[in-house]
Amino acid sequence: MSEVIDGDMAVGDLKTREKSIQEASLSLVEHNAGLAVPLSQHWSFLTQIHGSENIEVKENESVFGLEGDALFTTQERKVLTIQVADCVPVALISDCGAIAVIHAGWKGLLNGVIENVSKVLQDKFPGSQSAVIGPHIGPCCYEYGRKDLDSFIELFGVSVAGVTDFSTDSLNLMAIVQVILEKRGIELVFRDDSCTSCDSKFWSYRASGTQKRQSLLAWIEKN
Ligand SMILES: [Zn+2]
């Protein structure tokens, strides 16, 4: 997972994308000594639309800006990236050698973005799956209207209701993710609950309206 110090990982518009991806990969290497990030031409990224579509990165291919909210691959050294500034970045690992990255905000969670890619992985590469969750906006900061919150409680249960640090209703995105993972039988092996809104190491759209993004990056090392 990148942080503010690694630079803006937003991939911008189509014209500037290749350059910003290149810069991002160089800055990650610079700030993470010893991290052998594959070169930028092996990075894939999406035009994220809060939907539920997933796209496979196949042999000798990279994905540049197709619309979707999840990427998966079985290919080694192909970097799958998701850009976030509050939404929950999720990585799935199948013990059959496939990985996926998912952009999961409230809309994507409602649209089944996690379930969809998990099912595709299961169909293509049957085996058990585990999940890794990166920093996202916490219930401490994600204030939510009562009426909208109630509809999430109806769908996912009371655990999704939170309270902000200033004592108003909030939505607990991580709790929704947990409900979904449990339903799919996916083991949660790592979670970083740093709140993107209150932790200055991260960008937050809710806190500042920024267009800057941190990125979840995942790739399969050579066996
Ligand atoms: Zn917070």
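**Sheet, flanking helices and nonpolar core**

Strand S8 (residues 129-133) is paired with strand S11 in the parallel sense through four bridges, where strands are DSSP runs of E of at least two residues and helices are runs of H or I of at least four, numbered from the N terminus, and pairing requires at least two DSSP bridges between two strands. The structure is a predicted model, in which local features need pLDDT of at least 70 and side-chain atom pairs count only at pLDDT 80 or more, whereas totals for chains, interfaces and linings use all residues. Residues are numbered from 1 along each chain as its sequence is written.

Within the pairing of S8 and S11, Val132 stands opposite Phe190 of S11. Of the five residues of S11 (residues 187-191), the number buried is zero, so this strand lies largely in the open; a residue counts as buried if 20 or more other C-beta atoms, placed from the backbone, lie within 10 Å of its own, as exposed if 12 or fewer do, and as partly exposed in between. Both strands belong to an open sheet of six strands with mixed pairing, in the order S2-S4-S7-S6-S8-S11. Its edge strands are S2 (54-57) and S11, each of which pairs on one side only, and neighbouring strands are turned by 20° against each other on average, direction ignored. S2 runs parallel to S4 (residues 70-73), to which four bridges join it, and Glu56 stands opposite Phe72 in S4.

Helix H3 lies across S2, S4, S6 (88-94), S7 (99-104) and S8, running at about 165° to S7, while helix H5 lies across S6, S7, S8 and S11, at about 20° to S6; these angles, from 0 to 180 degrees, are taken between the N-to-C directions of lines fitted to C-alpha atoms, for helices over the stretch in contact. The buried residues of H3 are Val113, Ile114, Val117, Ser118 and Leu121. They cover an arc of only 120° around the axis, which puts them on the same side of H3, the arc being that of the directions from the helix axis to the C-beta atoms.

The largest nonpolar core (buried Ala, Val, Leu, Ile, Met, Phe, Trp, Tyr and Cys residues joined through C-beta atoms within 7 Å) has 60 residues, and those with the most contacts inside it are Val90, Ala91, Leu92, Ala100, Val101, Ile102 and Val177. The largest share of this core, six residues, comes from H5 (residues 173-184). Leaving aside neighbours within four places in sequence, Ala100 is in contact (C-beta atoms within 7 Å) with Ala70, Leu71, Phe72, Ala91, Leu92, Val117 and Leu121.

Terms used
Contact = placed C-beta atoms within 7 Å.
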